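Reader: Could you walk me through one part of this model up close, starting with how its aromatic rings pair up? I'd like one connected story rather than a list.

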Amino acid sequence: MSHRDVGSRRLKLTRALGDAGAAFPRLWAGAAGALILLAAACLAPVLVDALGGAVAGATGAAVVLGVVAVGALARLSITPSLRAARDLGLGPGGLQFKWPELRLIGAALLCLIFLAMIVSVLGVIVLAIAGGAELNVEAIQTRDWAAVGAPWRLAVVGVVVAGALIIPLVLAVRLSLFAHATLGRRQMVSLNSMGIAYGSFWQLMAGLVVTSLPKIALIALIGGGVLTGTSATVAWVVGLVGVQLPLTMAFLGAAYRQLEYWSPQEGPA
């Protein structure tokens, strides 16, 4: 990967989505073992009543297999072939748990801690401003909006609340390439992944929305009562693990290949 001016890079959304669709079968073929086991671990507590106290074990297995599956899909999505993915440590069927998986866990924890800190600070700010606005709490609870307070105060609080919701979303999207960067650079990459996504927030956001259509369809089917009970749970797990996860990882991998500007010869970014 040759170095490029960070400020001049922009994600070509249509190309990334096309690459993601073309790569989807290859991602499934390379990570089939991990995806099947992950789905089985998620469904085990629902389908096997005999598990009883082993539910915690099944949950732990699902978390580990989730890391394994993400690692496999990230390797496959940032490389042009199965052979190249194996050079990055891809195991048979996508089953591997090596140093890169530990780096993924570390990077994910750092990203979560960072987001949690931001959300906490924003929460304190919202509470302070809402308290200073002297709004009528009882009116809010009874939804008597006319008696809540002056319109300008409501507007100020509304803007602050909107900002408190939007800022974590923006940061989460800009951090979304951390797994691919960690595998691609062969070192733990967390907050530095925001530099890769610099200037392409809207394209990344749009791509994540488009690749979330399977999940949106499932939510609509379950919310509309078309899928209920065990069938809804099975459809949800199979849809998310079998379609949503590989498709999203394929898109993010295509985006990473377009936006990455670092190479091992240049040293850490």
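Author: First, some vocabulary: buried means under 20% relative accessible area, exposed over 50%, and partly exposed in between (1.4 Å probe, protein chains only). The model is predicted, so local features need pLDDT of at least 70 and side-chain atom pairs 80 or more, while totals for chains, interfaces and linings use all residues. Numbering starts from 1 along each chain as its sequence is written, and side-chain values use heavy atoms, leaving out hydrogens and water.

Now the rings. Phe, Tyr and Trp rings (for Trp, the six-membered one) pair if their centres lie within 6.5 Å; planes under 30 degrees apart are stacked, over 60 edge-to-face, the rest tilted. That rule gives 1 aromatic pair. F201 and W202 have ring centres 4.9 Å apart and planes at 75 degrees, so they're edge-to-face. F201 counts as buried, at 16% relative accessibility, whereas W202 is exposed at 67%.

Another ring to look at is Y261: R185 lies over its face, 5.5 Å from the ring centre (the cut-offs are NZ of Lys or CZ of Arg within 6 Å of the centre and within 35 degrees of the ring normal). Both R185 and Y261 touch I196 (heavy atoms within 4.5 Å). Leaving aside residues up to four places away in sequence, I196 also touches R9, L177, A181, Y256, L259 and E260.

I196 brings us to the largest nonpolar core (buried Ala, Val, Leu, Ile, Met, Phe, Trp, Tyr and Cys joined through side-chain atoms within 4.5 Å). Of its 56 residues, I196 is among those touching the most other members, along with L11, L177, L204 and F251.
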